[in-house]
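Morning, everyone. Let's have the model up on the screen, and then I'll walk through it.

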Amino acid sequence: MCSLLRKHLHWNLLKLVCPRHTIIYTQRLLSVVTPDIIVPRKMKGRFASEEQKRIITELVIKSSSSIIDWDALKSSVLSINRGYINEKNINGCILEACSQQKRLDLVKSFMKYVKQCSHGKPNIALELLYIRSCYKSRSELTDNDQYEIQTNCQSLFKNNLHLLNSVLLEGIVMGICCTPLWRDSLKFIKESKVEDNISLNTFVSVILRAFEEEEIDLGWTTVQNMFNLHRIIPLEIVAAWFNVCEKNVNCSHRRVLEFLRDNEYIIRENLAELIRSKLNQSGIKTTTTMIYHNNGKCKNCNQVLEHAEVTNSDFKILQERFLSDVMIGKNIFNNSSPQELSDFKDFIEITAPYDVVVDGLNLAYAYRGKIGDHSLTKFVMKSFIEKKLKVLLIGRKHLVKMLGKEFDFIKKNAHIFFTNDLSKDDPFVLYAAMYSGIDTKILTRDLMRGHKYLLGDAIIKSIFQKWLQKHRLGLRIRPGNEVIIKEPITYLQATQESANGIWHMPYQEFKEPGSWSKPDSSPDKWMCIQM
């Protein structure tokens, strides 16, 4: 009994003097492994995994030679039980660590070791990781390295064409783009039959190599294909183009601005700052400015921005295209049903036209917590009803519970259509507004980018963008729960060039993760560029 009591007191004393995290930290520091001595450790879970990673990373960083006893390293790592690195994934973990540190010498050394161990046949996953590692250090590749990668990529494509997916294609394209046969990447993409599912990295690899070789038209055609699929233009693509402009006087910085204009794409602040920096280096003046909402005039240069005009003939074309490509196309049925769509169309034919169509669920969630305990949906609907406007509220069925008792008031004074809880209500909002005519407005914070890109044709997309901007109402909530319904902004919120050659480029400012952004999703900032 005394013995047990002494042990209990001794253990409690240790916990007081050395907290648990201190003991573990000390253990990690002392558990040094050399290739000759393997010391068993009593670790588990996250700490064991961190120790395994530390051993690999330290060796990769500190090694001054590519001659390493890879067997000893693997034995040291695997001697730590209960870590996530095991016999099945250790090769990948070591290769990844070499790649992250851009140690091409170690990447090649380890892959040579793996081939010796596997009789020259590493698995596909490891081969792809090896190719990606070489791509990261492609400027250091020798002619022999390039030939080896080229042969591997051709073999991978030929032998795995029947099971080729976007991941495998990405690795093959990244590899072939390291070699003189980089144009074969276009053939691989075309023959892969996964053109609707090509990864962003696949496009980027081809674009960067095309710009390096000054294959300008090919590069920008691929940029457009990438944008059509992923709706983004990565920072490194723009940086690569500016590098081309520095070397080739026939290439212009304007190409980036023209791309943003033609695609009506609003970029993020980090890309805007890159553009500003490169333009300033070329002697082009750029100024952060603001655009007055009431007249569309730039505060810096006093130029008036282009108005978002949509003619009756333009609107008719948009109506027909939206109905065929978005509403009746296969996309709508991914989240709805033919019966629901049929019921909705019957409902619209009987009750339309409307003055305003309200995206109820979007409204409820976008401003949640911004107006105390009051119902913003009720306030907005009441405001429209008091102006004797004919209003349609569209939402999902569970919005009824969110509205509670206020649902009765809205039901008595407006038209309501609720979709199933799994349906996307955006297409219904757009359909109701377009069916009602060119003067109908919508209240939503959604920019409807997905539906815009389903329209396909660039001219139709532009009409849609202008129509949406000219008819989309916004909200402003002031202190004291004062809610103001904002009329649509009349000027075009997209990159544009004035008659005198001055450019105006909108962009969104950087937001910390989790921070609240403006519900109307309009550009935060503008840049005035005097070319």
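A quick definition before the strands: two strands count as paired if DSSP finds at least two bridges between them. Keep in mind that this is a predicted model.

Start with strand β6, residues 441-443. β6 runs parallel to strand β7, residues 472-478, and 2 bridges join them. Here, isoleucine 442 sits opposite arginine 472 in β7.

Now the other pairing of interest. β7 also pairs with strand β8, residues 482-486. That pairing is antiparallel, with 5 bridges. Leucine 475 faces isoleucine 485 in β8.

On to the cores. In soluble globular proteins, nonpolar side chains tend to be buried together. In this model, the largest nonpolar core has 85 residues. Which residues have the most contacts inside it? They are Trp70, Phe211, Val223, Trp241, Ile267, Ile275 and Met505.

Take isoleucine 267. Set aside its neighbours within four places in sequence, and it contacts Leu260, Ala272, Ile275, Met505, Pro506, Tyr507 and Gln508. There is also a second, separate core of 29 residues. Among its members are Leu318, Phe347, Tyr431 and Ile460.

Last, the cysteines. How many disulfides does the structure hold? The count is 0. Why does cysteine 134 have no bond? Its closest cysteine sulfur, in cysteine 178, is 7.1 Å away, which is too far. A disulfide needs the sulfur atoms within 2.5 Å. Cysteine 177 is in a similar position: its closest cysteine sulfur is also in cysteine 178, at 7.3 Å, too far for a bond.

Buried or exposed? Cysteine 134 is buried, at 1% relative accessible area. Cysteine 177 is buried too, at 2%.

Key: Residues numbered from 1 in each chain as written. Predicted model: local features only at pLDDT ≥ 70, side-chain atom pairs only at ≥ 80, totals over all residues. Heavy atoms only, no water. Helix = DSSP H or I, 4+ residues; strand = E, 2+ residues; numbered from the N terminus. Core = buried A, V, L, I, M, F, W, Y, C linked by side-chain atoms within 4.5 Å. Buried < 20%, exposed > 50% of the residue type's maximum accessible area, 1.4 Å probe, protein only. Contact = heavy atoms within 4.5 Å.
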